[in-house]
Amino acid sequence: MESLLEQVDTKSSDASFDPDREYDHVHEGRSSDVPTHRAPLSQKIIMSVAVVGPFLGFVFGIILLWQYGWMDWGYLALLLGGWALTGFGVTIGFHRLLTHRSFETYRWVRAIFTSLGALSVEGSPLSWCAVHRQHHGSSDRTGDPHSPHLHDHSFWGAIAGFIHSHLGWMFSGNWSKPELNRYVPDLLKDRLLVFVDKCYIGFVAASLLVPFGLGFLIDGTLFGGFLGFLWGGLVRIFLTHHVTWSINSVCHVFGRRPFESGDYSTNNFLCGLIGFGEGWHNNHHAFPTSARHGLAWWQIDLSYMVICAMRWVGLAWNVKLPHPKAVEAKRIR
């Protein structure tokens, strides 16, 4: 395995989106500065089902577990295994591979990670990447889709900003139709990715039906299928959602900022651990195209470990890492 200090240029070649763009200061914007329009009713209904459904499944699962102990190793494997697979689909596939092009791989590997990301039920691949590139283009400034810092600086403003950054932004009309031609023109050229994007609803259905089928195989009954649907479907989606959303909310409010990044992004140990390395968010915003987010030896980054394993077996190459001098130059003294 190559050294973790491999020095690779982290500049993006896509002129339409520069993930290394820096800002002289963090703009103290207000939510009222951003042009807004109402989200269509259909979007609000879809978002409500996507947010409330897994939450109710989580609550129901806790009640069943507490009262009846309806959980065994098979369903726990469905929960944790599904969380890991779809979580890596987001962190490695959607985020590091597609959005920031932190490494290169074969098209079939790219398709697998994209499909796993789609099974997380966090939005279609193209929309997810477009929104995230928009976030980096104006992080914690006017135009950021999910900054917690664009409300007033009162106590209630901070609460409202946190809720907005965690999940409220998804009900905003400004997010309903991300500008794909502006933010992801490179991804629109990938026909396989576009196909997965168009079939997103099918992946949402599979994200629930596959755990049902596996639960049926585990127990041999429809009730076993229901438990698979509950633990491997709804509860797994709930956990994946809120871990991912915590990067938008928690990691722009709570934590440390060792690097100058032009925004309020932070490193949060808990989010770094359960978010498969995504919680080293200040590191990421300081060096957006780096495949490694946990830059210190003690900063656990499971996603980067997987990428290293892929590189070792020949499934990943051109893995981008910041030069040690660049890391030191951005470090806050």
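Arg107, Arg110, Ala111, Thr114, Asp190, Leu192, Leu193 and Val196 line the second largest cavity of this predicted model. Two elements each give two or more residues to that lining, namely α3 (107–118) and α7 (191–198). Of these, α3 gives the most, with four residues. Sorted by class, the lining of the second largest cavity comes out as four nonpolar, one polar and three charged residues. The space inside is about 40 Å³.

Now for the other hole. The structure holds two cavities of 30 Å³ or more, and the largest has a volume of about 360 Å³. It takes 25 residues to line the largest cavity, and the ones closest to its centre are Val90, Glu122, Trp128, Thr244 and Asn248. Helices α2 (73–99), α4 (125–137) and α9 (222–249) each put at least two residues into this lining. The largest share belongs to α9, which supplies six residues. As for chemistry, the lining of the largest cavity has twelve nonpolar, eleven polar and two charged residues.

Here are the two cavities next to each other.

| Cavity | Volume | Element giving the most lining residues | Lining by class |
|---|---|---|---|
| Largest | about 360 Å³ | α9, six residues | twelve nonpolar, eleven polar, two charged |
| Second largest | about 40 Å³ | α3, four residues | four nonpolar, one polar, three charged |

What about the fold around them? The protein chain has 13 helices and zero strands, so to speak an α after α pattern from one end of the sequence to the other. The chain runs to 333 residues, and 51% of them count as buried. Among contacts with a separation of 6 or more, 73% are between residues 24 or more positions apart. On the outside, the chain exposes about 16,200 Å², with carbon and sulfur atoms supplying 67% of that area.

A word on confidence. The mean pLDDT of the chain is 88, and 86% of the residues reach 70 or more. Residues 1–36 are another story: pLDDT stays under 50 there. The model still has 81 contacts beyond four places in sequence for that stretch.

Two backbone spots deserve a look, and both concern the sign of phi. Most residues other than glycine have a negative phi. Phe276 is not a glycine, yet its phi is positive, at about 55°. You'll find Phe276 in the loop between α10 (269–274) and α11 (281–286). Is Phe276 buried or exposed? Its relative accessibility is 10%, so Phe276 counts as buried, the cut-off for that being under 20%.

The other spot is Asn318, where phi is near 50°, again a positive value in a residue other than glycine. Asn318 is found in the loop between α12 (302–312) and α13 (324–330). How does the accessibility of Asn318 work out? At 43% relative accessibility, Asn318 counts as partly exposed, because that class covers the range between the under 20% of buried residues and the over 50% of exposed ones. To put the pair together, Phe276 is a buried loop residue, while Asn318 is a partly exposed loop residue.

Technical notes
Residues numbered from 1 in each chain as written. Predicted model: local features only at pLDDT ≥ 70, side-chain atom pairs only at ≥ 80, totals over all residues. Heavy atoms only, no water. 1 Å grid on protein atoms, 1.4 Å probe; cavity = no way out; pocket = protein on both sides within 12 Å on 5 of 7 lines; lining within 4 Å. Points joined across faces, edges and corners; volume = space filled by probe spheres on them. Nonpolar A, V, L, I, M, F, W, Y, C, P; charged D, E, K, R; others polar. pLDDT = per-residue confidence, 0-100. Contact = heavy atoms within 4.5 Å. Buried < 20%, exposed > 50% of the residue type's maximum accessible area, 1.4 Å probe, protein only. Areas by Shrake-Rupley, 256 points an atom, 1.4 Å probe, with all protein chains shown as cover.
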